[in-house]
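Me: I would like to go through this structure by way of its fold, its aromatic contacts and its buried side chains. Please let each reply end on the value or name I ask for.

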Amino acid sequence: MAQAAISLERLHAEPKGLGSWLTTVDHKRIGILYFISSFLFFCVGGLMALTMRTQLIVPDNTLVGPHLFNELFSTHGLIMIFLFVMPMNSAFFNFLTPLMIGARDVAFPRLNSFSFW
């Protein structure tokens, strides 16, 4: 009996290393992946915001041209909404919702993993 329990534990154990993070179906790990990726895009959007604010510090600044400034403005908005705010919501929903309702996992864990990728 003990041998069967040990082999089941080994069968259901998560693999180690980076591969386990890339192939996970655990809702908590997927939530962490959403959080990390959205934070990286927050940093990219923040650098764009800093560039725009640096351009506007003094009049007639030549850090970026008007065309690039317009591109930065639009791209900053898109990144902050679609690549930061929405994935951050998914991070909290994936991580917290199953814990709050007392479920062991989400309904379709592979679909949840596929939606991240």
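Me: What percentage of the residues in the protein chain is buried?
Reply: This is a predicted model, and its protein chain counts 117 residues. A residue is taken as buried when its relative accessible area is under 20%. By that criterion, the buried share of the chain is 24%.

Me: What radius of gyration does the protein chain have, set against a compact globule of 117 residues?
Reply: The chain has five helices and zero strands, and its C-alpha atoms fill a box of roughly 80 × 30 × 20 Å along the principal axes. For a compact globule of 117 residues one would expect a radius of gyration near 13 Å, but the value for this chain is 21 Å.

Me: Which geometry class describes the ring pair of Tyr 34 and Phe 116?
Reply: The pair joins distant parts of the chain, with Tyr 34 in helix H3 (residues 27–55) and Phe 116 in helix H5 (residues 109–116), 82 residues apart. Both Tyr 34 and Phe 116 are buried. Their ring centres lie 4.9 Å apart with the planes at 85°, and planes over 60 degrees apart fall in one class, so the pair is edge-to-face.

Me: Which residue joins Tyr 34 and Phe 116 in one aromatic cluster?
Reply: The whole structure holds four aromatic pairs. Tyr 34 also touches residues beyond its sequence neighbours, among them Pro 87, Asn 94 and Ser 115. In the aromatic cluster, the partner of Tyr 34 and Phe 116 is Trp 117.

Me: Which helix supplies the largest share of the largest nonpolar core?
Reply: This core has eight residues, including Ile 30, Tyr 34, Phe 84 and Phe 116. Helices H3 and H4 (66–101) each supply at least two of its residues. A second, separate core of six residues includes Met 48, Met 52, Phe 69 and Ile 79. In the eight-residue core, the largest share, four residues, comes from H4.

Me: Is Ser 20 buried or exposed, and which residue's backbone oxygen does its side chain reach?
Reply: Ser 20 lies in helix H2 (residues 18–22). Because its relative accessible area is 1%, Ser 20 is buried. At 2.6 Å, its side chain reaches the backbone oxygen of Gly 17.

Me: How far is the charged end of Arg 29 from the centre of the ring of Trp 21?
Reply: A charge counts as sitting over a ring when, for Arg, CZ is within 6 Å of the ring centre and within 35 degrees of the ring normal. The charged end of Arg 29 sits over the ring of Trp 21, and its distance from the centre is 4.1 Å.

Terms used:
Residues numbered from 1 in each chain as written. Predicted model: local features only at pLDDT ≥ 70, side-chain atom pairs only at ≥ 80, totals over all residues. Heavy atoms only, no water. Phe/Tyr/Trp six-rings, centres within 6.5 Å; stacked < 30°, edge-to-face > 60°. Buried < 20%, exposed > 50% of the residue type's maximum accessible area, 1.4 Å probe, protein only. Polar contact = N/O pair within 3.5 Å; in protein donor to acceptor, adjacent residues only side chain to side chain. Core = buried A, V, L, I, M, F, W, Y, C linked by side-chain atoms within 4.5 Å. Contact = heavy atoms within 4.5 Å. Rg over C-alpha atoms; globule rule 2.2 N^0.38 Å. Lists of a residue's contacts leave out its neighbours within four places in sequence.
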